[in-house]
Amino acid sequence: MATPAIANTADDTLAKKSSDPNIVSGGRLVAKALKNEGVDTIFTLCGGHIIDIYDGCIDEGIRIIDVRHEQVAAHAADGYARQTGKLGCVVTTAGPGCTNAVTGVATALRSESPILHIGGQGALTQHRMGSLQDLPHVDMMRPITKFAESVRSTERIADMISMAARESFSGAYGPSYLEIPRDVLDREVHIDNAVIPKSGHYRASVKSIGDPTDIEKLADLLVKAERPAILYGQQVWSSRGHNEAIALLRGLDIPGYFNGASRGLLPPGDEHHFDRTRSLAFKNADVIVVVGTPFDFRMGYGKRISNELTLVQIDQDYRTVGKNRDISLGLVGDPGAILGAVLDAASAKIDNGKRQARKQWMEKLREAEQMALEKLMPLFTSDQSPIHPFRVAWELNEFLGDDTIYIGDGGDVVTISAQAVRPRAPGQWMDPGALGSLGVGTGFAMAAKLANPDKEVMCYYGDGSFGMTGFDMETANRFGAPYLAVIGNNSAMNQIRYGQISKYGEQRGNVGNLLGDIPFSQFAQMLGGYGEEVREASDIQPALQRAREAIQKTGRSAIVNIWVDPREYAPGTKNQTMYK
């Protein structure tokens, strides 16, 4: 029997696609490799360089979500990784397809989110000839990824994808990039000649506890501590170490503080959940353990923590430990594995006298928590008009259900929301992370709903943020992933506006930051969903409830556009702490 012809060029592939199941194109190899990695969904915007990947995804049963802008695709891949714990995947065409995704990839880098960006490129046969959309993608992507390479042969496609995926989960998680030239992607080869690592046979466990001696040291420190405190950051959730993290707090009676994706590890009201007394704890504790978050601007570069106490840092990345300030003890490894090992080691050493002191410490912090809340209540319950943004934050928290995923996308209004919004379960808080990217919300919301179809998804935008990526609400509707968009509308980029006014005065401070008064509710209505404008504080909760009911009834996203006072700002904005 004659051997089937193997196509070598894009034109040949279109004309002579082989019917022999042993003859596979590069696009089919991409899909096989993605499936081996557990990828069940890709986020993309079509382009001629990448269409063979779609063909392969159909064969492998991988869902294709096509958006209207590549930034949204990259944010959605990031959001999907955060929600599922698996590799997120964004696929873009060459040139502007790649550059449009840069913000999303960079956001994933600073947020330590494992995504794979696959990008198209002109054919190798046209290298440096000026082909359509040709750019040095690998050179551009290398500074914002953990791994960036070009695939030079069809036979190596699956092998290179497995390599990129391993890098995404090595140490602190992050993004990888692979460029695949069109002729490499479209070419067909015999499957026996392709390098396809076998699923489950090329990965080592990353659940390392590091040095066992340090586990014992930390256990001793926590057992002997009278005023300990623990701060859990992004890595605790992304590595799915939340159960061990919770068990340690409860097992040793330690107050827990939470930032980033670790918000929601404990529900509000839990005796070990603290959030308004972090500064007090960091000033008066005798032992502080910081897990899975760097000493960056959000932590005052570590300078807000007293130098008189014992400071322990746990991180997946060796380079992060002890960066920006000295520490007493550093442990590198998987947060959940380390915390579980510490609890095991400490359980045999528990000092009941010290434990009683810790209970008194928590009672003192709880009293301070209540005082801090009482101080904020006049703002949370304000009936002023225009609406105070603190009132919106309070109403959003009151609205949350046990299964509501909350997403924050914006500047000042979203910063304020962190004062009140308390998600009810792990994985139900999403924010841009350290890059501070505006426009993440639409991709995050779509991805969260696709990953959790039975959960409610709510995104709180600033009006500036919604204007950046909001049109992909249509994509969410198209793929059956409706969500509730709440917009805190002050018709300005208000976080920056405050700094400008403070520095230059009113006349020059309102330059480059004022936006139009947009009734965004009409946008939801245009897409067949529910929209409502809210101008009085007492109308917020009823409007949110009507939007929730409309989504359940229509299967379309809804918008509640809340007009907030542009003269009110977050405390951090007033202090300009993001720049200090």
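The legends below describe close-up views of a predicted model.

Residues are numbered from 1 along each chain as its sequence is written. Local features need pLDDT of at least 70, side-chain atom pairs count only at pLDDT 80 or more, totals for chains, interfaces and linings use all residues, and side-chain values use heavy atoms, with hydrogens and water left out.

**View A. Packing of helix α2 (residues 26-36) on helix α3 (residues 51-60).** Helices are DSSP runs of H or I with at least four residues, numbered from the N terminus. The two axes lie 7 Å apart, at an angle of about 50°; axes are lines fitted to C-alpha atoms over the stretch in contact, and angles run from 0 to 180 degrees between N-to-C directions. α2 and α3 are therefore oblique to each other, a class that holds the angles left over when those under 35 degrees count as roughly parallel, those over 145 as roughly antiparallel and those from 65 to 115 as roughly perpendicular. The crossing of α2 and α3 is right-handed, that is, the near helix is turned clockwise from the far one by less than a right angle. G26, G27, R28, V30, A31, K32 and K35 of α2 are in contact with α3 through D52, I53, G56, C57, D59 and E60, where contact means heavy atoms within 4.5 Å. By class, this contact has 4 nonpolar, 3 polar and 6 charged residues. Ala, Val, Leu, Ile, Met, Phe, Trp, Tyr, Cys and Pro count as nonpolar, Asp, Glu, Lys and Arg as charged, and the others, Gly among them, as polar.

**View B. Packing of α4 and α5.** The axes of α4 and α5 are 7 Å apart and meet at an angle of about 30°, and the two helices are therefore roughly parallel to each other. Their crossing is right-handed. On the α4 side the contact includes E70, Q71 and R82, and on the α5 side P96, N100 and S111 are among the residues met. The contact of α4 with α5 divides into 5 nonpolar, 8 polar and 3 charged residues.

**View C. The second largest pocket.** A pocket is an open set of points on a 1 Å grid over the protein atoms alone, with protein on both sides within 12 Å along at least five of seven lines; a cavity is a set of points where a 1.4 Å probe fits but cannot get out, and lining residues have an atom within 4 Å of a point. This pocket holds about 610 Å³ of space, a volume being the space filled by probe spheres set on the points, which are joined across faces, edges and corners. Of its 27 lining residues, L109, R110, E112, P294 and T320 lie nearest the centre. α5 (96-111) and α10 (234-238) each supply at least two lining residues. The lining has 7 nonpolar, 11 polar and 9 charged residues.

**View D. The largest cavity.** The volume of this cavity is about 70 Å³. Its lining is made up of F258, R263, G264, L266, H273, D275, R422 and P423.

**View E. The second largest cavity.** About 40 Å³ of space lies here. Among the lining residues are A81, R82, E112, Y173 and Q234.

**View F. Two backbone features in loops.** The peptide bond from S385 to P386 is cis, with omega near 0°, and P386 is in the loop between α14 (352-380) and α15 (389-399). R240, in the loop between α10 and α11 (242-252), has a positive phi of about 55° although it is not a glycine.
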